[in-house]
Amino acid sequence: NGSEGKDRDLVVVGTFIHALGLGQVEILEETALGVRAGKIVFIDKTKNLADRLKEFSITPDKCLHLEKHQFVIPGFVDSHAHAPQLPFMGTGSDLQLLPWLKKYTYPTEAKIASNHEYATEVYKKCVTRTLKSGSTTVCYYATIDVRSTLTLVDIVESVGQRAYIGKVNMDRNSPDNYIEQTKDSMENTRKFVQDVIARKNSLITPCVTPRFAISCTPELMAQLGDLAQEYSLPVQTHISENLDEVKAVTEMFPDCQSYTDVYDQAGLLGERTVLGHGVYLSPEELQMLKSRGSGISHCPNSNFCLCSGVLDVRRPLQAGVKVGLGTDFAGGNSPSMLDAIKRGMEAAVVTSLNASEKEDGGERLSYKDMFFLATLGSCQVMGLEGVVGNFTVGKDFDALVIDPKADDSPFDVFAEETIEERFQKYLFLGMWRKNVRSFFSCRH
Ligand code: GUN
Ligand code: FE
């Protein structure tokens with residue numbers, strides 16, 4: 001009701017930095033942003049503040065004046081992360097994808113699926129870590145187990161993080177202690193989906209999560225495609241991450257034209273389908289993704305750690321495919337989107353150096369592009385571009401207050417530098433604990 005909305009009025013006065021599109025970063029100094037019931041109701045120059053307060057009947061005591069050196073950015077949006085893989089993050093980069101799954105991933109996920117106490121401990125630590133890294137929105141994979149995946153939902157709910165959360169499906173090519181029957185996989189997924197929907201928490205959405213084509217039968221994938229359609233749910237899976245994986249998929253699905261076609265035939269490619277990696281997609285596959293409205297989560301840290309390859313993210317972008325950024329921990333060794341931005345820059349350098357003039361996808365991507373991918377880009381892939389990702393009127397206000405002069409800040413600031421230089425320093429040198437002063441929206 002109206003009075004409840006007014007109790008939560010807030011006006012933040014200071015500097016705002018956000019992305020409007022690829023390479024389009026806007027720096028708004030001396031600006032006031034008004035929030036009512038969690039939604040942005042105005043963003044305007046400070047000189048118009050008195051008029052705006054009057055217009056929205058907000059009292060001046062609701063104004064929070066930030067210090068001149070501080071700035072506000074949208075909360076980061078991690079479009080690909082594996083909550084149960086936290087225990088082995090930072091280890092296991094000796095192997096490539098398929099043996100890595102066997103040796104590190106499946107045993108850890110199996111333990112979490114079977115030991116509820118352990119699952120609770122891991123998920124609490126995981127959510128604390130993503131949130132403390134500045135990710136106000138995360139697209140999480142859990143395990144094949146419903147009960148502990150619902151515990152992950154509880155934990156995410158308790159801190160007020162925005163999330164897509166998926167119970168993983170795998171009904172073949174998986175270890176004996178970590179595999180499902182097709183029928184159980186579907187029944188349990190339906191149970192999970194219905195339970196999450198019944199909570200009516202607008203911040204948390206169940207996500208249909210076939211692990212990848214190798215571990216799912218075509219029957220399972222097709223039924224999951226139907227389920228996503230029935231409940232209008234987002235989908236997340238992995239695609240074209242590693243050459244051995246692509247070869248295996250091609251051999252397993254001789255009737256499909258490509259890896260992308262495998263998912264298309266199952267009806268899994270929709271406008272809220274988040275495809276992790278996409279390193280080796282052909283131009284035809286990119287065209288198919290564009291026509292379906294599906295997007296790619298670029299996971300440069302993981303692609304380096306597992307020696308998967310280096311995605312030239314300009315290729316999907318130029319093909320008109322939506323692209324976001326993901327940590328993919330623990331394939332990647334960091335839960336932080338600041339790290340993903342740095343790794344994304346390294347991938348941009350490598351692909352720019354490697355591209356022949358003919359196939360060069362244009363200019364090398366900049367820190368502004370990476371900031372876009374880490375915020376609005378990921379939102380576009382998740383179908384949340386109308387909800388969060390920048391400071392447009394009507395969106396929810398999920399934001400971080402950055403303090404470059406915080407005690408023990410890992411970088412120095414100088415009076416002579418511009419706000420743009422300070423913003424770059426934060427992206428390349430900043431750290432959560434030191435530089436994020438507070439969150440808006442997350443109740444942590
Ligand atoms: N492909 C299938 N499962 C996984 C996973 O857990 N991590 C990564 N990086 N790729 C996968
Ligand atoms: Fe992954």
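Which residues point one way from strand S5 (residues 71–74), and which point the other way? In this predicted model, Phe71 and Ile73 project to one side of S5, whereas Val72 and Pro74 project to the other. Neither pair is exposed: all of these residues are buried.

Strand S5 has a partner. It pairs with strand S16 (residues 399–402) in the antiparallel sense, and four bridges join the two strands. One of these links can be traced by residue: Phe71 has Ile402 as its bridge partner in S16.

Both strands appear again in the surroundings of helix H15 (residues 419–429). Within H15, the residues Arg422, Phe423, Tyr426 and Leu427 are buried. They lie on the same side of the helix, because they cover an arc of only 140 degrees around its axis. The spacing follows a general rule: an α-helix has 3.6 residues a turn, so residues three or four places apart point the same way. The buried residues of H15 pack against S5 and S16, and also against strand S1 (10–21) and the helices H13 (337–354), H14 (367–382) and H16 (432–435).

The ligand may be considered next. The residues around ligand 1 include His82, Arg211, Phe212, His238, Glu241, Ser302, Asp328 and Gly331, and also Leu97, Leu101 and Thr105. Helix H3 (residues 97–114) gives the most to this shell, with three residues. By character, the shell divides into three nonpolar, five polar and three charged residues.

Finally, the confidence of the prediction should be stated. The chain has a mean pLDDT of 94, and 97% of its residues reach 70 or more. For the complex, the predictor gives an ipTM of 0.99 and a pTM of 0.96.

Methods:
Residues are numbered from 1 along each chain as its sequence is written. Chains are lettered from A and ligands numbered from 1 in the order in which they are written. This is a predicted model: local features need pLDDT of at least 70, side-chain atom pairs count only at pLDDT 80 or more; totals for chains, interfaces and linings use all residues. A residue is near a molecule or strand if its C-beta atom, placed from the backbone, lies within 6 Å of it. Ala, Val, Leu, Ile, Met, Phe, Trp, Tyr, Cys and Pro count as nonpolar, Asp, Glu, Lys and Arg as charged, and the others, Gly among them, as polar. A residue is buried if 20 or more other C-beta atoms lie within 10 Å of its own, exposed if 12 or fewer, and partly exposed in between; C-beta atoms are placed from the backbone. Two strands pair if DSSP finds at least two bridges between them. pLDDT is the predictor's confidence in each residue, from 0 to 100. The arc is that of the directions from the helix axis to the C-beta atoms. Two residues are in contact if their C-beta atoms, placed from the backbone, lie within 7 Å.
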